[in-house]
Structures are given as C-alpha cells and as structure tokens.
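Open the model in your viewer and keep the selection tool at hand. The stops below say what to select next and what is there.

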Amino acid sequence: MRLNTLNYGNCSEVIRDGCPIEYVLSILGRKWNGIIINHLFKTPSFYNELHRSISGISKKILTNQLKELQAENIVSRIETNDNPKKVQYALTQKGQQLYYSLKTMANLF
C-alpha cells in the first residue's frame, strides 16, 4: 500500500502518516472505479467490451483508471497471443475481496 502518496494538506500528523481507511476511500472515491470493479466482478472483460458496457466513460479515463487499479493489485491485465493482441481485465483476489466489502457497505444504506 502506498500510504505516503496521499496529500492531506494541514491535517494532523496521524492522518498524514496514512490512515488505511482514508487510503482505501481515496481509491474508491474516484468516479468510475466502483463501476469498473462491479462490472469486472460479474465477468472478466476485454478492453473494448468493458468500454462499451460502461456508458459515458472515455477510453482515456478507462485506461487511466485500469492502470491505477492494476497498480493497487485490484485488477489484473492479461494479454492474449492473438493477432491483433487483445487485453482482458479481471479482478484479482484482492479486488474480489474489495467487491464483497463494498457490497456489504452498500447494503447498509
């Protein structure tokens, strides 16, 4: 976990040193991440299929969000040997656990 990448401005030293809950919320608080995680939980998807299934997201934003989720080991990227090469995305075990946690939280409201 890259807790030291968070910028808390003038917040207390305790928070600035990396509260894990704040870190997780900073990842999940991004506009499309919850939708991407929800979709990939249902089924691993090739990039274009994922883009078509999420109405309103640009390819640039989808690519950036997938890279961020990969960096956090929430999403895996699998390249095929096809010609042309295809890329499939799926939730990692960490991503699946995160999905269940999100679903539990959603059921509280």
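Begin with the loop between β2 (75-79) and β3 (87-91) and select Pro84, which has its place there. Turn to the bond that leads into this residue: the peptide bond from Asn83 to Pro84 is cis, with omega near 0°. Most residues other than glycine have a negative phi, and most peptide bonds are trans. The model is predicted, and that applies to every stop on this tour.

A second backbone feature is found at Asn73. Select Asn73 in the loop between α5 (59-71) and β2. Its phi is near 60°, a positive value in a residue other than glycine. Asn73 counts as partly exposed, at 45% relative accessibility.

**The whole chain**

Now zoom out and colour by secondary structure. The chain has 6 helices and 3 strands. Following the sequence, you meet them in the pattern α-α-α-β-α-α-β-β-α. Of the 109 residues, 31% count as buried.

**Salt bridges**

How many salt bridges does a search of the whole structure find? The search finds 3. Side chains of opposite charge can pair when their charged atoms come close.

Select Arg77, Glu79 and Lys85 together; salt bridges link them in a network. Between Arg77 and Glu79, the closest N and O atoms are 2.5 Å apart. Glu79 also meets the side chain of Lys85 in a salt bridge, at 3.3 Å from N to O. Color these residues by accessibility: Arg77 is partly exposed, with a relative accessible area of 39%, and Glu79 is partly exposed at 40%. Lys85, at 53% relative accessibility, counts as exposed.

Next select Glu68 and Arg30, whose side chains form a salt bridge of 3.2 Å, N to O. Glu68 lies in helix α5 and Arg30 in the loop between α2 (20-28) and α3, so this pair ties together parts that are 38 residues apart in sequence. Glu68 is partly exposed, with a relative accessible area of 31%. Arg30 also counts as partly exposed, at 34% relative accessibility.

**A charge over a ring**

Select Phe46 and Lys86. Which face does Lys86 lie over? Lys86 is placed over the face of Phe46, at 5.5 Å from the ring centre.

**Helix α3**

Select Asn33, Ile36, Ile37, His39 and Leu40 in α3; these residues are buried. They cover an arc of only 165° around the axis, which puts them on the same side of α3. An α-helix has 3.6 residues a turn, so residues three or four places apart point the same way. Look down the helix axis to view the arrangement.

**Aromatic pairs**

A search of the whole structure finds 4 aromatic pairs. One of them is formed by Phe41 and Tyr99, which are stacked at 3.7 Å centre to centre, with 10° between the planes. Phe41 lies in helix α3 (residues 33-42) and Tyr99 in helix α6 (residues 93-106), so the pair ties together parts that are 58 residues apart in sequence. A pair of aromatic rings is described by the distance of the centres and the angle of the planes.

Are these two rings buried or exposed? Phe41 is partly exposed, with a relative accessible area of 27%. Tyr99 counts as buried, at 11% relative accessibility, the cut-off for buried being under 20%.

Add Tyr100 to the selection. The ring centres of Tyr99 and Tyr100 are 5.8 Å apart and their planes are at 70°, so this pair is edge-to-face. Tyr100 counts as partly exposed, at 49% relative accessibility. Ring pairs thus link Phe41, Tyr99 and Tyr100 into a cluster.

**A nonpolar patch**

For the last stop, switch to a surface view and select Met105, Leu108 and Phe109. These residues make a nonpolar surface patch of about 440 Å². Met105 is found in helix α6 and is partly exposed, with a relative accessible area of 44%.

Technical notes:
Residues numbered from 1 in each chain as written. Predicted model: local features only at pLDDT ≥ 70, side-chain atom pairs only at ≥ 80, totals over all residues. Heavy atoms only, no water. Phe/Tyr/Trp six-rings, centres within 6.5 Å; stacked < 30°, edge-to-face > 60°. Helix = DSSP H or I, 4+ residues; strand = E, 2+ residues; numbered from the N terminus. Buried < 20%, exposed > 50% of the residue type's maximum accessible area, 1.4 Å probe, protein only. Lys NZ or Arg CZ within 6 Å of the ring centre and 35° of its normal. Patch = residues over 30% accessible without salt bridge, like charges linked within 9 Å, V, L, I, M, F, W, Y side chains within 5 Å. Areas by Shrake-Rupley, 256 points an atom, 1.4 Å probe, with all protein chains shown as cover. Salt bridge = Lys/Arg side-chain N within 4 Å of Asp/Glu carboxyl O. Arc of directions from axis to C-beta.
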